[in-house]
Amino acid sequence: MLKKANEFKREANLIGGAWVEADSGERLAVRNPATGEVVGEVPKSGKAETERAIAAAATAFEAFRQTTAEHRARLLRTLHDAILDNHDALAELLTTEQGKPLSESRSEVASGAAYVLWFAEEARRVYGDTVPSPWKDRRILVTKEPVGVVAAITPWNFPFSMLARKIGPAIAVGCTAVVKPASQTPFSGLAWGVLAREAGIPDGVLNIVTGSASEIGAEMTRNPIVRKITFTGSTEVGKILLRDAASTVKRFSMELGGNAPFIVFDDADLDRAVAGAMAAKYRNAGQTCVCTNRFYVQSGIYDAFSERLAAASRALKVGPGLAAGTEQGPLIDERAVTHMEELIADAKAKGGEVVTGGHRHSLGHTFFEPTVITGATQEMRFAHEEIFGPLAAVFRFDTEDEAVEAANDTNYGLAAYFYTSNLGRAVRVYERLQYGQVGVNEGAITTEVAPFGGYKESGLGREGSAYGIDEYLDVKYVCIGGLGL
Ligand code: NAP
């Protein structure tokens, strides 16, 4: 059934199939970053509500784990159809709380639907193994079982699609879930509750709790009923969760921060590199974990690339996400704007040149000018920190070794991109880059069919693809003896 954006905007927790308030009755306001206006409120829940949601998920798990893969695949297909039936409403809701251009919100909702469909298909392919036995009278089977109750925590930058990567595989294999969406963008998370109910997903299979991150997170990590934590967010918070869950030894999927390098060699196709650079830098106003943080450009092409990038950046249309033609929306909050100003001041003090942008946008609020800085060096803060904003820092290099070493000089390892027309170099460089995802002559590579995840402090495990479902499965070895063979 088609709904309007407002009908998805649920201002309550979903626990065991019921929409409920926080015990305290307290609420958190949600603001539209383009206007600063309050667009709604959600419950400020804590430990008690989370504990009840976990209990509801545990109860639902007993029956849900026994459903057939065929049945769960059908539920996910219905969920997928419900998302696409409500594509416009979900995109409008997303832009209203997150700020990104409506076209990007539509892409995010489509991507969420694609992940759900992918896992509907994967649900029926959770195969086990039989292993040749070293004993004549015994047989060895390997089966896969759902891990149990899953706790999911998601960030504000992709509030709809990040949940698809977690809810999709959980339901596919028969797990149940408790979800905590980001406080700045909870409605796109709560919308999953409306969609799940519409798709006939049983009560308690998906529970959603909003509120105090530290209280909800502490209960999720310490409660022994929760068998897996799946988290997308900053490396800093990921480390807190890993530490807190040590006492109950849970499974983990961690999609953490990034510091993506984008290397342009002299032999690159310049048009293609600039187009890729724009895609890899400015999506969601640069607030994406796989966004380019550092452009490394070889000396022979440095000036031409920088000029073209600056011109394309200058031409971006900045505005409210709901306005027609907007290419870059506001940043999520004032803190993000201050962070941009600090990084720019740091780079200028160390010799960087701002060739376009560099300031808050005349639209006010949290709008910021697309910014390009040349003469970037490894001493500048953005060489090691996530920028998370519309700032392109362009570093110069001379040799391939120098570029690869600089690219790998970070604790992160999520995504990397490079442009070259030399096939031997392409293979050499992708083999040396310490990153979970590498785009060769491509600046936008995410798809539900390929594994998404990082090396080093960018995370643990993979989402999407055939690999993503294993994260929700325990492997059981069964030895059948006494066969009298
Ligand atoms: P964040 O501050 O780590 O928050 C992410 C989520 O964690 C939010 O729901 C937040 O809740 C919650 N949280 C905060 N403190 C917590 C605690 N002590 N215990 C439990 N949960 C806690 O990250 P963000 O600023 O929202 O998102 C940006 C970060 O996410 C960037 O580092 C980005 O690279 C990363 N990211 C990674 C991927 C990936 O796939 N690798 C994808 C997208 C984003 P509140 O909102 O209530 O504070």
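Helix axes that meet at an angle under 35 degrees count as roughly parallel. Keep that cut-off in mind as we walk through this predicted model, starting with a pair of helices.

Find helix α13, residues 400-408, and helix α14, residues 423-432. Their axes come within 10 Å and cross at roughly 30 degrees, so α13 and α14 are roughly parallel to each other. The crossing of the two is right-handed. On the α13 side, the contact is made by E400, D401, V404, E405 and N408, while α14 brings R425, R428, V429 and R432. Sorted by class, the residues of this contact are 6 charged, 2 nonpolar and 1 polar.

Now let's turn to the pockets. The largest has a volume of about 1300 Å³. Its lining is made up of 44 residues, and W156, S234, E236, V237 and R335 lie nearest the centre. Which elements each supply at least two residues of this lining? They are α8 (213-222), β10 (226-232), α9 (235-244) and α12 (334-349). Helix α9 has the largest share, with 7 residues. Across the whole lining of the largest pocket there are 19 nonpolar, 14 polar and 11 charged residues.

The second largest pocket holds about 340 Å³ of space. Here 21 residues form the lining, and those nearest the centre are S107, S111, F158, R283 and T446. Two or more residues of this lining come from each of α5 (102-123) and α6 (161-173). Helix α5 gives the most, 6 residues. The lining of the second largest pocket divides into 9 nonpolar, 6 polar and 6 charged residues.

Terms used:
Residues are numbered from 1 along each chain as its sequence is written. This is a predicted model: local features need pLDDT of at least 70, side-chain atom pairs count only at pLDDT 80 or more; totals for chains, interfaces and linings use all residues. Side-chain values use heavy atoms; hydrogens and water are left out. Axes are lines fitted to C-alpha atoms, for helices over the stretch in contact, and angles run from 0 to 180 degrees between N-to-C directions. Helices (H or I, at least four residues) and strands (E, at least two) are DSSP runs, numbered from the N terminus. Angles under 35 degrees count as roughly parallel, over 145 as roughly antiparallel, 65 to 115 as roughly perpendicular and the rest as oblique. A crossing is left-handed if the near helix is turned anticlockwise from the far one by less than a right angle, and right-handed if clockwise. Contact means heavy atoms within 4.5 Å. Ala, Val, Leu, Ile, Met, Phe, Trp, Tyr, Cys and Pro count as nonpolar, Asp, Glu, Lys and Arg as charged, and the others, Gly among them, as polar. On a 1 Å grid over the protein atoms alone, a cavity is a set of points where a 1.4 Å probe fits but cannot get out, and a pocket is an open set with protein on both sides within 12 Å along at least five of seven lines; lining residues have an atom within 4 Å of a point. Grid points are joined across faces, edges and corners, and a volume is the space filled by probe spheres set on the points.
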